[in-house]
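Here is a short report on selected local features of one protein model with a ligand. Please keep the sequence and the structure in view while reading.

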Amino acid sequence: MQRAILILFLLLLGSGPMILSEFHITLLNYIGLSALVALGVVLLTGVGGLTSFGQAAFVGLGAYATAYLTTATELPDWLAWAGGSPWIGLAAGLLLTAIVAWLLGALTLRLSGHYLPLGTIAWGISIYFLFGNLGFLGGHTGISGIPALELFGHELKSGRAFYYVIWVMLLAAVWITRNLLDSREGRAIRALKGGTVMAEAMGVDTARSKIIIFLIAALFAALSGWLYAHLQRFVNPTPFGLHIGIEYLFMAVVGGAANVWGALLGAGLITILKQWLQDLLPKIFGASGNFEMIVFGMMMVLVLQRARDGIWPILARLVPADHGSRTVPQGDALPRNVMPQASADILDVRNVFKRFGGLVANNNMSFTVRAGEVMALIGPNGAGKSTMFDCISGVGSVSEGEISFLGERIDSLTARAIARRGMSRTFQHVRLLPNMSVLENVAIGAHLRGTKGVLPATLHLERAEEQRLLAEAARQIERVGLKDSMFEQAGSLALGQQRTLEIARALAADPCLLLLDEPAAGLRYMEKQTLADLLRKLKTEGMGILLVEHDMDFVMGLADRVVVMEFGEKIAEGLPDEVQRDPAVLEAYLGGVE
Ligand code: ADP
Ligand code: MG
């Protein structure tokens, strides 16, 4: 059904110039140009969670680069070769935009919370004023006399002739974006929305993912600017100002920022509505003015109130989905890590302190974990177990002390670097992407076992590797007993199952040390048995397991050794039987609040 609608849409688009009036062709051209920018905003804001108000500035870079190069009569000597040709103008615009975006991204993407949007506003304004104040760009009057595009010997002088160029490029951009999102790199990008902690712990370079979507969004905007310049044959700073940047964001949000088609829908709705309101409102009010902006403002408030995800999801719900991709992925096994020698110490925590201001959450903690054993870390709530996990896995930093993993100091490494060395973990407070399927969530765990980058992903040239990654994820899902939920949204699972999903995700990384933070919480008796069996099996395969768990039957039946913590300190260590009889432990567990 969805496919049928898509084909119908493409047929209608394709026949546009044959049947539509000049006015409607122009409208569709402008919708296409805006949609290209809004598509970048969808990727950046809707998918990646990075809000940008400044995209119009990149449109301007693309437009001005070609405008300048194709019209300047006296180019500086070093640039003379680049004059005249719109195609060189395009290449120059994209290159210039990539450089500027990379610099701006490196400076602003590290900002968090509302500082990032503020940053985008700042550079959005600066670049806009730059256009108006540079003499060689014609100041506020702009640049005119931009040549028409030439394609296969035809000059594209009319909007009708330009139509296909715009829409073919837009649809190509949609295709590229969809391909990218449906790939290993795409999962890394989509994981950004869940915060960086989980993604980094799975080995994703989140700073890189952010720069990638920032660059792509900027390049789409620059391409739109290039098209605009050669369609309009004239540029001035006005369409590249901050208010237009806001409009692009507006399009993506109204259309539905989480879906590529939301960009087209939003661009279409806003452009048509704007056109219509510009005609209608001055007649109603009997005066000229930008009344449409007032209506837009109210509409935005309404959308945020009533349909936070935009209009696309509402439309999409009316159409039954195609369930083509619901077959369990099959593929060759990925190469495995070599497991360390049986019962060798793989993790060595030595005199570790972790302080939060005055609070000492880990106080002189020392213990080891061996290959092929389950080491349990127990203690009352607030004892510092999760903090210990964060220190070991690099999610948090160590205040003092040493941690070695496979004979190498890791206490100053990043979570990503530690993951790469063969450690994987789950989180006490589950960290997954609720709108992604169980399969995709688990596949994030296998991130480091793939190598194909963004370019092959955009063209889907990495399908063989992708298949193997997904097959690996599917195997781990089966292994933990979630096979029946593989294609469900992770957020729809019960909490206990979400924890189990995290175990599958950790296993997909092929770790030799697995850190499990309260994996049995929320599981039913039978599910706990299944989990215990799985952990026993992993152990015999040579994996080391560090386990935090409150269910004492579960712990004592499974653990080879136990470390007990209270108030950040180790109060006992030994075999399960010994620890259970230890007076200090009995005191901690029985003498306290319970
Ligand atoms: P457990 O996992 O054993 O229940 P935690 O490691 O979560 O305990 O917490 C240990 C102590 O550290 C608690 O007192 C907790 O409030 C404190 N703590 C944990 N994380 C932070 C943080 N980010 N900032 C300040 N205090 C923290
Ligand atoms: Mg905890």
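The sections below cover the ligand site, one threonine and one helix.

## Basis

This is a predicted model. Every value below is computed from it.

## The shell around ligand 1

The shell around ligand 1 includes F356, L359 and A361. P380, N381, G382, A383, G384, K385, S386 and T387 are also among its residues. Q428 belongs to the shell as well. By class, the shell holds 5 nonpolar residues, 6 polar and 1 charged.

Two elements, β6 (359–370) and α14 (385–393), each supply at least two shell residues. Helix α14 gives the most, with 3 residues.

## Polar contacts of ligand 1

Backbone and side chain both take part. A polar backbone atom of G382 lies 2.8 Å from an oxygen atom of ligand 1. For K385, a polar backbone atom is likewise 2.8 Å from a ligand oxygen. S386 uses its side chain: a polar atom there is 2.8 Å from an oxygen atom of ligand 1. The protein buries 59% of the 560 Å² that ligand 1 exposes when taken alone.

## T426

T426 sits in the loop between β10 (423–425) and α16 (438–445). Is this residue, T426, buried or exposed? Its relative accessible area is 3%. The cut-off for buried is under 20%, so T426 counts as buried.

Leaving out residues up to four places away in sequence, T426 touches E502, I503 and A506. It also touches L515, L516 and D517. With D517 there is a polar pairing: a polar side-chain atom of T426 lies 3.1 Å from the backbone nitrogen of D517.

## Helix α19

Helix α19 covers residues 495–507, 13 residues in total. Does its length fit or miss the value expected at 1.5 Å a residue? The expected span is 18 Å, and the end C-alpha atoms are 19 Å apart, so the two agree.

α19 is mostly covered, with 11 of its 13 residues buried. Among the buried residues are E502, I503 and A506, which are also contacts of T426. Others in the buried set include G496, Q498, R499, T500 and L501. A504, R505 and L507 belong to the buried set too.

What do the buried residues of α19 pack against? The helices are α8 (196–201), α16, α18 (463–480) and α20 (525–540). The strands are β10 and β11 (513–517).

Methods:
Residues numbered from 1 in each chain as written. Chains lettered and ligands numbered in written order. Predicted model: local features only at pLDDT ≥ 70, side-chain atom pairs only at ≥ 80, totals over all residues. Heavy atoms only, no water. Helix = DSSP H or I, 4+ residues; strand = E, 2+ residues; numbered from the N terminus. Buried < 20%, exposed > 50% of the residue type's maximum accessible area, 1.4 Å probe, protein only. Polar contact = N/O pair within 3.5 Å; in protein donor to acceptor, adjacent residues only side chain to side chain. Contact = heavy atoms within 4.5 Å. Near = heavy atom within 4 Å. Areas by Shrake-Rupley, 256 points an atom, 1.4 Å probe, with all protein chains shown as cover. Nonpolar A, V, L, I, M, F, W, Y, C, P; charged D, E, K, R; others polar. Expected span 1.5 Å × (residues − 1).
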